[in-house]
Amino acid sequence: VTQPEVPVDVRKAAGCWRLRDKRFHSWHLCRCMCGNNMSLPLLNEAATVSATERETAVVIFLHGLGDTGHGWAESLSSIRLPYIKYICPHAPKIPVQLNRSMTMPSWFDLVGLKPEDAEDETGIKKASDCIKAVIEHEIKNGIPSHRIILGGFSQGGALSLYTALTCHHKLAGVVALSCWLPLHKTFPQAAGSNVNKDISILQCHGEMDPMIPLTFGSMTAHKLKSIINPANLQFKTYIMQHCSCPQEMAAVKEFIAQQLPPV
């Protein structure tokens with residue numbers, strides 16, 4: 001019996017690319033020590049693209065299931081703005097039920113990829129707290145919260161949405177690529193006082209995505225409009241599968257430039 005392909009979120013720097021075959025080849029990892037970050041494991045080993053001018057803003061971008069932050073750091077470096085630091089953390093390796101309990105980089109456990117599937121509420125909230133700790137660290141280092149954008153692809157985009165909407169700090173925006181809103185049934189209540197009710201969100205999705213279908217992306221956009229100011233949500237689609245493309249990356253660059261202008 002042929003084993004089903006194990007889905008993994010992968011994208012590269014240009015064009016639209018195949019999903020990585022999941023007999024799980026090793027990723028070649030390198031460490032990027034980011035200053036005095038020893039108390040935050042996510043920052044200790046994060047792939048980071050430093051600002052080339054005085055740093056006045058930060059983008060925190062989270063990769064998808066089975067990936068690392070290195071590829072996205074490379075992609076973001078191609079659209080970088082000189083006064084922005086880009087932080088791409090690596091998810092911890094945990095067993096993932098969706099992939100026959102194989103151990104792989106994952107922000108939280110996944111049972112399925114349908115809106116009605118059970119969700120790892122404890123894991124999602126724990127992962128969100130870790131990203132909030134990174135936000136707190138950047139604020140303590142002198143970056144105002146309104147100069148911080150959260151972003152991510154697939155599972156990483158999902159975590160970025162959840163974290164931004166439950167964060168107590170006012171953020172500059174969210175870049176949500178090929179993803180969904182975790183624990184969607186808990187919103188808008190989960191947003192609490194919702195200091196980010198006016199946050200700007202760029203949501204992008206592939207029209208031929210076989211893993212997170214466009215209908216799921218559309219449902220997410222509809223839900224987001226009930227949580228934030230609908231006028232602040234951009235929902236863009238592209239002729240691609242579960243990946244990225246140059247047109248999408250151009251939109252990401254434009255959005256970041258709009259939300260984080262030079263100061």
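Two strands pair if DSSP finds at least two bridges between them. Helices (H or I, at least four residues) and strands (E, at least two) are DSSP runs, numbered from the N terminus. The model is predicted: local features need pLDDT of at least 70 and side-chain atom pairs count only at pLDDT 80 or more, while totals for chains, interfaces and linings use all residues. Residues are numbered from 1 along each chain as its sequence is written, and side-chain values use heavy atoms, with hydrogens and water left out.

**Exercise 1. Lay out the open sheet of 7 strands and find its edges.**

Step 1: the order. Reading across, you get E1-E3-E2-E6-E7-E8-E9, and the pairing is mixed.

Step 2: the edges. Strand E1 (47-49) and strand E9 (233-238) each have a single partner strand, so one side of each is left without a neighbour in the sheet.

Step 3: the twist. From one strand to the next it averages 15° (axes are lines fitted to C-alpha atoms, for helices over the stretch in contact, and angles run from 0 to 180 degrees between N-to-C directions).

**Exercise 2. Place strand E7 among its neighbours and work out whether E7 is buried or exposed.**

Step 1: one partner. E7 (residues 173-177) and E8 (residues 200-206) pair in the parallel sense over 5 bridges. Look for glycine 173 opposite serine 200 in E8.

Step 2: the other partner. E6 and E7 also pair in the parallel sense, over 5 bridges, and leucine 150 stands opposite valine 174 in E7.

Step 3: the burial. Buried means under 20% relative accessible area, exposed over 50%, and partly exposed in between (1.4 Å probe, protein chains only). On that scale 5 of the 5 residues of E7 are buried, so the strand is largely enclosed by the rest of the structure.

Step 4: the faces. Gly173, Val175 and Leu177 are buried on one side, Val174 and Ala176 on the other, so both faces are covered.

**Exercise 3. Sort out which helices lie on the sheet and what they touch.**

Step 1: H4. Helix H4 (residues 155-166) lies across strand E2 (57-62), strand E6 (148-153), E7 and E8, and runs at about 145° to E6.

Step 2: H6. Helix H6 (residues 246-259) packs on the sheet, where contact means heavy atoms within 4.5 Å. H6 touches E2, strand E3 (84-88), E6, E7, E8 and E9, and its direction makes about 180° with that of E8.

Step 3: H2. Helix H2 (residues 69-77) is mostly covered, with 7 of its 9 residues buried. Those are Gly69, His70, Gly71, Trp72, Ala73, Ser75 and Leu76, and they pack against E1, E2, E3, E6, E7 and H6.

**Exercise 4. Describe how H3 and H4 cross.**

Step 1: the geometry. The axes of helix H3 (residues 121-140) and H4 come within 9 Å and cross at roughly 70°.

Step 2: the class. That makes H3 roughly perpendicular to H4 (angles under 35 degrees count as roughly parallel, over 145 as roughly antiparallel, 65 to 115 as roughly perpendicular and the rest as oblique).

Step 3: the residues. H3 brings Ile124, Lys125, Ala127, Ser128, Ile131, Lys132 and Ile135 to the contact, and H4 brings Leu159, Tyr162, Thr163 and Thr166.

**Exercise 5. Inspect the backbone oddities in the loops.**

Step 1: the background. Most residues other than glycine have a negative phi, and most peptide bonds are trans.

Step 2: the cis bond. From phenylalanine 187 to proline 188 the peptide bond is cis, with omega near 10°. Proline 188 sits in the loop between E7 and E8.

Step 3: positive phi in that loop. Leucine 183, also found between E7 and E8, has phi near 50° and counts as buried at 7% relative accessibility.

Step 4: positive phi elsewhere. Arginine 100 has phi near 55°, lies in the loop between strand E4 (93-96) and strand E5 (102-105), and is partly exposed, with a relative accessible area of 43%.

**Exercise 6. Find what alanine 191 contacts beyond its sequence neighbours.**

Step 1: the place. Alanine 191 is in the loop between E7 and E8 and is buried, with a relative accessible area of 8%.

Step 2: the contacts. Leaving aside neighbours within four places in sequence, alanine 191 is in contact with Leu165 and Ile227.

Step 3: the distance. Alanine 191 and isoleucine 227 are 36 residues apart in sequence and 7.8 Å apart in space, C-alpha to C-alpha.
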